[in-house]
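Take a moment to look at the chain as a whole before turning to single residues. The paragraphs below lead from the helices to the contacts between them and then to the surface.

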Amino acid sequence: MTSPESLHVRASTPRRPSWRAQAPVVTVVALGGGAGATARYAASLWWPSPAGGFPWTTFGVNIVGCAVIGVFMVIITEVGTPHPLVRPFFGTGVLGGFTTFSTYAVDIRRLVDGGQAATGLAYLVATPLAALTAVWLAAGTTRRVLKRRQR
């Protein structure tokens with residue numbers, strides 16, 4: 001007769017992917033991040049924010065980046081099956097390097113430390129609201145456009 005102890009199956013510990021398996025993902029994220037950060041830096045050169053004023057460049061970059069994320073996510077999840085490295089390259093790398101919520105936090109601190117607490121608070125609230133709205137509108141618009149094209 002079989003004892004209850006012999007019926008227990010030992011769970012195997014999941015194996016972590018080897019470095020070689022992750023190297024392509026790390027590579028495309030790094031390349032995409034460099035491209036996105038370069039585009040963000042170019043935006044700051046083309047559209048510099050006034051010293052001590054509302055950080056329009058960072059605000060605009062984050063809103064545009066979030067809108068592109070909305071379009072991108074609809075396309076890669078609802079249109080077809082992209083190459084496995086597309087999402088890490090573009091979604092994590094390019095758009096992660098382009099959008100800059102760390103600079104958003106630094107901008108808020110600069111505004112508050114510079115005696116512009118009201119502007120800092122407005123920026124603190126406006127950025128996530130505008131970013132989420134941009135994702136929502138862009139995703140919805142992309143879905144509507146794709147449905148019209150299918151007709």
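What follows is a walk through a predicted model, taken one region at a time.

A good place to begin is with pairs of residues that are separated along the chain, for which the sequence and the space can be compared. Val61 lies in helix α2, while Phe98 is found in helix α3, which covers residues 86-98. These two residues are 37 positions apart along the chain, and their C-alpha atoms are separated by 7.2 Å. Are they buried or exposed? Val61 has a relative accessibility of 4%, and because buried means under 20%, Val61 counts as buried. Phe98, with a relative accessible area of 16%, is buried as well.

Phe98 has a second partner to consider, since Phe98 and Ala35 are 63 residues apart in sequence and 7.9 Å apart in space, again from C-alpha to C-alpha. Helix α1 consists of residues 19-46. Elsewhere in helix α3 sits Gly91, and its C-alpha atom is 7.6 Å from that of Phe72, with their positions 19 residues apart in sequence. Gly91 is partly exposed, because its relative accessibility is 23%.

A separation along the chain can also go together with a separation in space, and one pair shows this. Leu137 has its place in helix α5, and 116 residues separate it along the chain from Ala21. The C-alpha atoms of Leu137 and Ala21 are 36 Å apart. Leu137 is partly exposed, as its relative accessible area of 45% indicates.

Helix α5 also holds Thr127, and here the side chain itself is worth following. Which backbone atom does the side chain of Thr127 reach? The side chain reaches the backbone oxygen of Tyr123, at a distance of 3.1 Å. Thr127 has a relative accessibility of 0%, and therefore this residue counts as buried.

The next step is to look at charged side chains that pair with one another. How many salt bridges are there in the model? The count comes to three. One of them joins Glu78 and Arg143, whose closest N and O atoms are 2.9 Å apart. This pair links distant parts of the chain, for Glu78 belongs to helix α2 (residues 56-78) and Arg143 to helix α5, with their positions 65 residues apart. Glu78 counts as partly exposed, because its relative accessibility is 44%, and Arg143 is likewise partly exposed, with a relative accessible area of 37%.

Helix α4, residues 101-113, contains both Asp107 and Arg110, which are three residues apart, or about one turn of the helix. Their side chains meet in a salt bridge, with 3.8 Å from N to O. The two partners fall into opposite classes, buried and exposed: Asp107 is buried, because its relative accessible area is 9%, whereas Arg110 is exposed, because its relative accessible area is 58%.

Asp113 and Arg109 also lie in helix α4, four residues apart, which is again about one turn of the helix. They form a salt bridge in which the closest N and O atoms are 3.3 Å apart. In this pair, both Asp113 and Arg109 are exposed.

Finally, the surface can be read for groups of side chains with a shared character. Which residues form a nonpolar patch on the surface? The patch is formed by Tyr41, Leu45, Trp46, Trp47 and Trp56, and together these residues have about 710 Å² of accessible area. Helix α1 provides the largest share of the patch, namely three residues. Tyr41 lies in helix α1, and this residue is exposed, because its relative accessible area is 54% and the cut-off for exposed is over 50%.

A patch of another character is also present, and this one is positive. It is formed on the surface by Arg144, Lys147, Arg148 and Arg151. Where does Arg151 lie with respect to helix α5? Arg151 is in the segment after this helix, which covers residues 117-150. With a relative accessibility of 80%, Arg151 counts as exposed.

Technical notes. Residues numbered from 1 in each chain as written. Predicted model: local features only at pLDDT ≥ 70, side-chain atom pairs only at ≥ 80, totals over all residues. Heavy atoms only, no water. Patch = residues over 30% accessible without salt bridge, like charges linked within 9 Å, V, L, I, M, F, W, Y side chains within 5 Å. Areas by Shrake-Rupley, 256 points an atom, 1.4 Å probe, with all protein chains shown as cover. Salt bridge = Lys/Arg side-chain N within 4 Å of Asp/Glu carboxyl O. Lys, Arg positive; Asp, Glu negative; His and termini not counted. Charge placed at Lys NZ, Arg CZ, Asp CG, Glu CD. Helix = DSSP H or I, 4+ residues; strand = E, 2+ residues; numbered from the N terminus. Buried < 20%, exposed > 50% of the residue type's maximum accessible area, 1.4 Å probe, protein only. Polar contact = N/O pair within 3.5 Å; in protein donor to acceptor, adjacent residues only side chain to side chain.
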